[in-house]
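Biologist: Hello! Could you show me the model, so that we can talk it through together?

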Amino acid sequence: MNKLAFLMIAALAAAPVVFAQEAAPERSYAERLGWPAGSRVVIFHVDDSGMCHDANMGAKDALTNGVASSTSVMFPCAAVPEFMELWKAYPTWDVGVHLTMTAEWKNYRWGPVAGKPTVPGLVDEEGCMWHEVFQVMKSAMPDEIETEIRAQVDRCTSFGMKPTHLDSHMGTLFADPRYTERYVKVGIELGIPILMPGGHMQYVGQDNPMAGKMARQVAQQLWDAGLPVLDDINTGDYPKGAANKTEQICQFLREMKPGITYFIVHCTRPSDVFQYISSSGGKRLSETEAMISPEVKKVVEEEGIILTTWRELKERREKVGK
Amino acid sequence: MKKLMTMAVVGAFVAFAAANAWGEPGYAEKLGWKPTDKVLIWHVDDAGMSHESNVGTIKAMAEGMATSCSIMMPCPWVSEYAHYVSAQADLADKPELDYGLHLTMTSEWEHRHRWSPVAGKPVAPTLVDEEGCLWDNVELVVKNADPDQVEKEIRAQVDRALTMGLKPSHLDSHMGTLFADPRFAERYIKVGIEFGIPVLTAGGHMTHIARENGDVMEAAKMMSGVVWAAGLPVLDDIHTDGYGWTTYAEKKSGTLEFLRTLKPGITEFILHCTEPGDTFQFISSSGPTRKADLELMLDPEVKKVVEEQGIILTTWRELKQRRDQVK
């Protein structure tokens, strides 16, 4: 079960329409947000906070001891209150909503926040969200998706948190343009930045060579609505061929193009229970170790990489104005 | 965390009342056992709550003496237990597992491992707190929950179980919330009767219930009368003290005393068998009492006393079959 590891990959790949390659804008979004030309800006983003205790421990480690600068929370999951307690102790953390429409593991699962009576198309025969993105696409009406997006954001704000951004677990919201539309709509309406690349797409383009026209259009729409946009997303699989996660991330930092790149990790401190949730514990642990490794920190410094957050992107976007 | 301990205690008490039943035949007798038979359900609460609860429940029933359990449908490990049930059902030589639904209206592990109503906040807004979870304790549910929404949530939990192919042998109430307010108890019984699924109620000698809280026993008798009249089985007594016995020595001596003084009739003894691992402490501090419950079910000395006392172990499925034969 490597599904979560694929997260956006799966979905981006399943989403030929959204990320078709097209000529990149002349100026990167980093430049448009006020960084000097040539700046290489990175968000190391920890997905899946709140999914379980072990995910919370990994996120905490990566955010407090490592180079990770942002995270997002899966609001249908059982360890959300624990994560939100952590956030109260670290209120400067950059925390968003990892909008979740799937419950992909076999034994450890969750249902929609909005509940089956309100969003019946979002649940399978176990009363949980669907395992796979394609199953969501077969059953979930866009109105139900929007209701659930709003329910998850509502749950976040009920903890007293204004999320710094929205993104999409397993990329489900990128997998169908009808869903993407709702995701964009809610982000714009609430004034919350949403994950969307619109620049050179060095890596997103590799996930899907067809990539882009629509992504750039949506990105432009977000920018015009006053929200920040990224240049690229690295779903964690690039560059290929590195011996381990730490080495891969060092290589990434050396080769990445100027612009803002969002690099996705799933930092976890797997306990004895994690193996009953998922077989991805080893991979997730290696991502935690990479985030806190001296090697990665050193390369960040050597390469002059700027680490940023969604909060900073939003502030910069507001300064730029129309 | 003492909340779970109050569990059926609070609940059982609030709803069950002072016994003046000594002259009447007990429910065991009504269900075809001899007047002197001592019949017992070893019942494991909280399946589905955590992986550790599932492991404990399965072990207590497969390797130990436990005869029944119930599942918390809003919790994230329900699928794991349901898959076990379906794998067991494929083994033709085994009797059907006795599992019910532990109807859950609270989410009591503060700021830790928590869950929300199956019906969802839009349909059941009075059932959730500011974290979007079911309320932390019974009092808050009684104070805030609209009985119509409680019924919706009961139905949503039953619906989830039936949709996933489970065949619950009974319904009962996590932390006794549904016994804590007659407006809730009424809905609980109504749904059980409507679906023909036995609901946990006791209306016989109520020795342990009386000892723990005697002042609501009239209500319990009335409830039991309604349930029986609707064709569902009823118990004579429920024992809920065990959660407060935290060391194994205390647990064992308390249980042996319980067995040696058990009165004729059908008694359900509540357990929370769990196999806590490294991280159960991040769910709850109740690991030790839960682990002790599991050990109790595996303890040969306890089993020996059950045999010596001639105690008959039963299940909710058997109670239902017997009830069907009565009329």
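Biologist: How many helices and strands does the secondary structure of chain B come to?
Modeller: Happy to help; this is a predicted model, where local features need pLDDT of at least 70, side-chain atom pairs count only at pLDDT 80 or more, and totals for chains, interfaces and linings use all residues. Residues are numbered from 1 along each chain as its sequence is written, with chains lettered from A and ligands numbered from 1 in the order in which they are written. Helices (H or I, at least four residues) and strands (E, at least two) are DSSP runs, numbered from the N terminus. Counted that way, chain B has 13 helices and 7 strands.

Biologist: Why is chain B said to be as compact as a globular protein of that length?
Modeller: The globule rule is 2.2 Å times the number of residues to the power 0.38, and the radius of gyration is taken over C-alpha atoms. For 327 residues the rule gives 20 Å, and chain B is close to that, so it is as compact as a globular protein of that length, with a radius of gyration of 18 Å.

Biologist: Which helix of chain B gives the most to the side that touches chain A?
Modeller: Contact here asks that two C-beta atoms, placed from the backbone, lie within 7 Å. By that test, 32 residues of chain B are in contact with 31 residues of chain A. Two elements of chain B give two or more residues to this side, helix 4 (78-89) and helix 6 (147-163). With 4 residues, the one that gives the most is helix 4.

Biologist: Is helix 3 of chain B largely enclosed or not, and how many of its residues are buried?
Modeller: A residue is buried if 20 or more other C-beta atoms lie within 10 Å of its own, exposed if 12 or fewer, and partly exposed in between. The cover over the buried residues of helix 3 includes helix 11 (274-277) of chain A, as well as helix 4 and strand 1 (38-47) of chain B. Helix 3 is largely enclosed by the rest of the structure, because its buried residues number 10 of the 12.

Biologist: Which strands do the buried residues of helix 14 of chain A pack against?
Modeller: In this helix (residues 310-320), A:W310, A:L313, A:K314 and A:R317 are buried. They fall within an arc of 100 degrees seen down the axis, so they line one face of the helix; the arc is that of the directions from the helix axis to the C-beta atoms. Their packing partners in chain A are strand 2 (70-73) and strand 3 (95-99).
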